[in-house]
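Visitor: I should like to go through this entry with you, beginning with the ligand and then turning to the strands. May we start by displaying it?

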Amino acid sequence: MDAMTNTGDAASLADLMAARHAFKMHAQDGLCFEDVPLHAIADAHGTPTWVYGAGSMAAQYSALMAAFRAANVSAHVHYAVKANDHLAVLDIFRQLGAGADVVSGGELARARHAGIAAADIVFSGVGKSATEIGTALAEGVGQINVESAEELVMISGIASAMGTVAPVALRMNPDVDAGTHEKITTGVAGNKFGLAQADIPGLYARARLLPGVRPVGIALHIGSQILSTAPYRAAYAKATAMVIALRAAGESVAVLDLGGGLGIGYGDEPGLSLSAFAQTINHATSGLGVKLLVEPGRYLVGAAGLLLASVILQKHDQGKRFVVLDAAMNDLIRPALYEAWHGIMPLSPVDYRAGLSPADVVGPVCESADRFAADRLLPALVPGARVAILDAGAYGAVMSSHYNARPRGAAIMISGGRFHLITPRQDIAALWADEQRLPG
Ligand code: LLP
């Protein structure tokens with residue numbers, strides 16, 4: 001089964017609720033997230049609005065750390081900033097003790113602005129510009145993950161000119177199929193990520209000799225939304241073998257960066273088993289004597305966020321029902337881009353219990369791909385009815401655009417049973433505020 005196109009369709013609304021402990025359907029207040037009625041947020045700030053739960057994020061982090069402890073794994077978490085780069089989110093993970101995995105100068109600047117120490121930042125990515133590398137070196141990032149020989153030479157040149165030495169890890173492409181959507185698999189031969197295993201020993205030795213770089217270890221990341229440990233087991237075995245081979249060749253290898261990719265349940269199915277994941281790490285690395293890093297993004301924030309939307313109208317056409325929302329693919333692009341399945345939950349307790357019939361849930365954008373769900377069993381939803389598009393905390397707002405001149409939605413963080421506006425709804429005029437017109 002394709003993990004991204006899984007049909008949570010088999011799950012009823014009650015099944016979706018049962019699988020999400022932070023959600024409750026209250027008889028008067030309707031759908032509550034972390035004990036806050038979502039109606040209150042929509043009343044105060046309108047829709048579409050992103051809603052995140054600080055408690056849910058912290059709980060995910062704690063569960064991961066507990067699984068590591070139970071499996072005797074000591075791994076440092078570098079939160080993958082790309083999943084949700086909001087400063088309020090970065091604050092949460094910094095306070096919990098996480099570092100950051102960044103893939104651009106912009107993410108680096110955000111992570112630094114959020115107070116994450118440069119030494120706790122790993123800079124990954126297949127195409128870092130000279131400017132970005134220079135900035136990362138000036139900041140003193142803890143590690144740069146190198147994805148090509150060309151990039152290694154580039155970093156060497158820039159660091160030498162700056163009179164500094166870059167700690168680099170070589171990103172290995174383990175040629176393991178993570179069994180996930182083709183658009184988010186990264187660890188098979190033939191995609192753009194990482195270095196072929198056969199090239200690593202030579203490049204590691206070359207890195208040792210080049211000025212301005214110091215090879216500290218091996219990195220890998222095989223893909224995203226991974227639901228079974230099998231691909232991890234295969235990839236980590238190859239990474240461990242590589243560490244052993246490098247050491248046998250006289251290299252010093254201090255760090256093994258195991259990447260992210262931990263999948264979550266978008267329907268009512270469980271996500272990746274944390275204990276199985278932690279045990280997989282333990283089996284692959286115990287006794288290896290390396291510092292372990294992991295780079296989870298989605299697992300930490302995915303289920304801790306939702307997109308709150310209102311029904312504009314229901315349209316019936318040729319026997320088909322369309323529920324048209326005020327949120328669209330420019331807000332949450334995952335269904336359009338990956339055929340990703342997201343639960344859609346009515347806020348009203350009456351709607352929640354009403355009879356169901358199939359509907360396509362769409363946005364107002366002028367593209368057929370602007371569809372959140374096809375043939376989804378939902379109650380009749382009158383104009384103004386509200387829904388929560390679930391599990392939108394990862395790769396949601398960060399992937400949004402202004403297509404169709406749609407301003408960015410507001411964002412709310414729930415913390416301690418209260419909600420805080422963390423991004424105001426964008427003004428229409430802000431869309432063109434930076435634009436210059438030609439004279440005359
Ligand atoms: N480390 C590296 C080097 C990565 O490329 C990624 C994600 C991560 C860590 C974090 O992966 P996670 O734990 O979140 O799975 N937009 C897609 C997902 C793209 C993932 C890209 N790389 C989606 O919406 O499903």
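The questions and answers below concern a predicted model.

Visitor: Between which domains does the ligand lie?
Guide: The shell around the ligand draws residues from two assigned domains. One comprises 13-54 + 302-431 and the other 55-300. Because both contribute to the shell, the ligand lies between domain 1 and domain 2.

Visitor: Which side chain has an N or O atom 2.4 Å from an oxygen atom of the ligand?
Guide: The ligand is surrounded by 20 residues, and those that come nearest are Ser-224, Glu-295, Arg-334, Tyr-338 and Tyr-395. For one of these, an N or O atom of the side chain is 2.4 Å from a ligand oxygen atom. That side chain belongs to Ser-224.

Visitor: How much of the ligand's accessible area does the protein cover?
Guide: Polar backbone atoms also approach oxygen atoms of the ligand, with Gly-297 at 2.9 Å and Arg-298 at 2.8 Å. On its own, the ligand has 590 Å² of accessible area. The share covered by the protein is 92%.

Visitor: How many residues of the ligand shell are nonpolar?
Guide: Sorted by class, the shell has six polar and six charged residues. The remaining class, nonpolar, has eight.

Visitor: Which residue in β14 stands opposite Trp-50?
Guide: Strand β4, residues 49-53, pairs with strand β14, residues 305-317. The two are antiparallel and share four bridges. Opposite Trp-50 in β14 stands Leu-307.

Visitor: What is the bridge partner of Ala-309 in β19?
Guide: Strand β19 covers residues 386-389 and runs antiparallel to β14, with four bridges joining them. In β19, the partner of Ala-309 is Val-387.

Visitor: Which residue takes a positive phi in the hairpin of β14 and β15?
Guide: β14 pairs with β15, residues 320-325, in the antiparallel sense over six bridges. One bridge sets Lys-315 against Phe-322 in β15. The hairpin has two residues between its strands, and a positive phi near 50 degrees is taken by Gln-318.

Visitor: Is Val-301 buried or exposed?
Guide: Val-301 belongs to helix α11, residues 298-301. Its relative accessibility is 0%, and the cut-off for burial is under 20%. Val-301 therefore counts as buried.

Visitor: How far apart in space are Val-301 and Trp-50?
Guide: In sequence, Val-301 and Trp-50 are 251 residues apart. In space, taken from C-alpha to C-alpha, their separation is 12 Å.

Definitions and conventions: Residues numbered from 1 in each chain as written. Predicted model: local features only at pLDDT ≥ 70, side-chain atom pairs only at ≥ 80, totals over all residues. Heavy atoms only, no water. Near = heavy atom within 4 Å. Polar contact = N/O pair within 3.5 Å; in protein donor to acceptor, adjacent residues only side chain to side chain. Areas by Shrake-Rupley, 256 points an atom, 1.4 Å probe, with all protein chains shown as cover. Nonpolar A, V, L, I, M, F, W, Y, C, P; charged D, E, K, R; others polar. Domains from an automatic or database assignment. Pairing = 2+ DSSP bridges. Buried < 20%, exposed > 50% of the residue type's maximum accessible area, 1.4 Å probe, protein only.
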